[in-house]
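User: Please take a close look at one part of this model, the charged and aromatic side-chain pairs, and set them in their surroundings. One connected account would suit me better than a list.

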Amino acid sequence: MATLKELPSQTAGPYVHIGCVPTCAGLEGMYNGHDLGGVMITGAPEGERMCLALEIMDGDGELVMDAMVEIWQPGPDGSFGPTAGFTHWGRQVTDCMNGIALFETLKPGRSAKQAPHILIWIAARGINLGLATRLYFPDEHNADDPVFRLAGNRAATMVGTKMEGGYHHAIHLQGEDETVFFDV
């Protein structure tokens with residue numbers, strides 16, 4: 001059977017984030033006045049509050065200014081069980097002025113088998129299937145994590161950097177510093 005090439009209509013296109021995050025296109029009043037996933041902390045949960053700043057870089061090292069980024073993460077106790085006042089999930093777009101997707105969240109805790117981490121999913125024009133990776137924290141024992149170990153000498157591409165009030169991470173879609181992505 002012949003393999004057919006994907007057509008442009010099968011890619012995410014430049015407008016995927018408008019339907020999922022309409023306020024970025026100036027469309028107010030949808031989804032009860034706020035974007036789905038735009039707010040992760042909905043009350044007064046236990047745990048360390050932090051800001052997570054994610055940059056998406058293309059193969060030339062330029063910022064991708066219109067990517068949609070979703071994160072899923074365990075709560076401060078290391079589980080995905082319900083956490084009062086916290087959703088475990090967020091969605092933002094990279095800002096067209098500075099190229100950063102900014103999340104106000106809680107630092108995830110360690111589970112019995114995995115280091116604290118955040119799962120990141122990226123959709124943008126030219127990406128036919130969403131890309132999945134993880135963010136690990138530089139101040140944790142990541143080598144104990146089986147997924148981190150599987151990345152071998154490229155695991156460092158999944159480790160963020162500490163900044164005042166939280167963490168920063170540059171995700172490289174291609175090139176010498178390409179981030180590890182999962183085949184899911």
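Analyst: **Charged and aromatic pairs**

Arg-91 counts as buried, with a relative accessibility of 12% (buried is under 20% relative accessible area, exposed over 50% and partly exposed in between, with a 1.4 Å probe and protein chains only). The model is predicted, so local features need pLDDT of at least 70 and side-chain atom pairs count only at pLDDT 80 or more, while totals for chains, interfaces and linings use all residues. Residues are numbered from 1 along each chain as its sequence is written, and side-chain values use heavy atoms, with hydrogens and water left out.

The partner of Arg-91 is Glu-70, with which Arg-91 forms a salt bridge whose closest N and O atoms are 2.7 Å apart (a side-chain nitrogen of Lys or Arg within 4 Å of a carboxyl oxygen of Asp or Glu). This pair links distant parts of the chain, since Arg-91 belongs to strand β3 (residues 89-93) and Glu-70 to strand β2 (residues 68-72), 21 residues apart (helices are DSSP runs of H or I with at least four residues and strands runs of E with at least two, numbered from the N terminus). Glu-70 is likewise buried, at 7% relative accessible area. Over the whole structure, the search finds four salt bridges.

Another of these salt bridges joins Lys-107 and Asp-139, with 3.3 Å between the closest N and O atoms. Lys-107 lies in the loop between β4 and β5 (117-123), whereas Asp-139 lies in the loop between β6 (131-136) and α2 (146-150), and the two are 32 residues apart. Here the two partners have different burial classes: Lys-107 is buried, with a relative accessible area of 9%, but Asp-139, at 43%, is partly exposed.

The loop between β6 and α2 also supplies Asp-145, whose side chain meets that of Arg-134 in a salt bridge of 3.7 Å, N to O. Because Arg-134 lies in strand β6 and Asp-145 in that loop, the pair ties together parts that are 11 residues apart in sequence. Asp-145 is buried, with a relative accessible area of 0%, and Arg-134 is buried at 11%. Through shared partners, salt bridges also join Lys-107, Asp-139 and Glu-140 into one network.

In the same loop between β6 and α2 stands His-141, which is exposed at 58% relative accessibility. Apart from neighbours within four places in sequence, His-141 is in contact with Arg-110 and Ala-115 (heavy atoms within 4.5 Å).

Turning to the rings, the count comes to two aromatic pairs (rings of Phe, Tyr and Trp, the last by its six-membered ring, pair if their centres lie within 6.5 Å, and planes under 30 degrees apart count as stacked, over 60 as edge-to-face and the rest as tilted). Tyr-136 and Phe-148 are edge-to-face, because their ring centres are 5.0 Å apart and their planes stand at 75°. Tyr-136 lies in strand β6 and Phe-148 in helix α2, so the pair ties together parts 12 residues apart in sequence. Both Tyr-136 and Phe-148 are buried.

Phe-137 and Tyr-167 form an edge-to-face pair as well, at 4.8 Å centre to centre and 75° between the planes. This pair links the loop between β6 and α2, where Phe-137 lies, to strand β8, where Tyr-167 lies, 30 residues apart, and both residues are buried. The charged and aromatic groups meet at Phe-137, where Lys-107 lies over the ring face, 5.1 Å from the ring centre (NZ of Lys or CZ of Arg within 6 Å of the centre and within 35 degrees of the ring normal).
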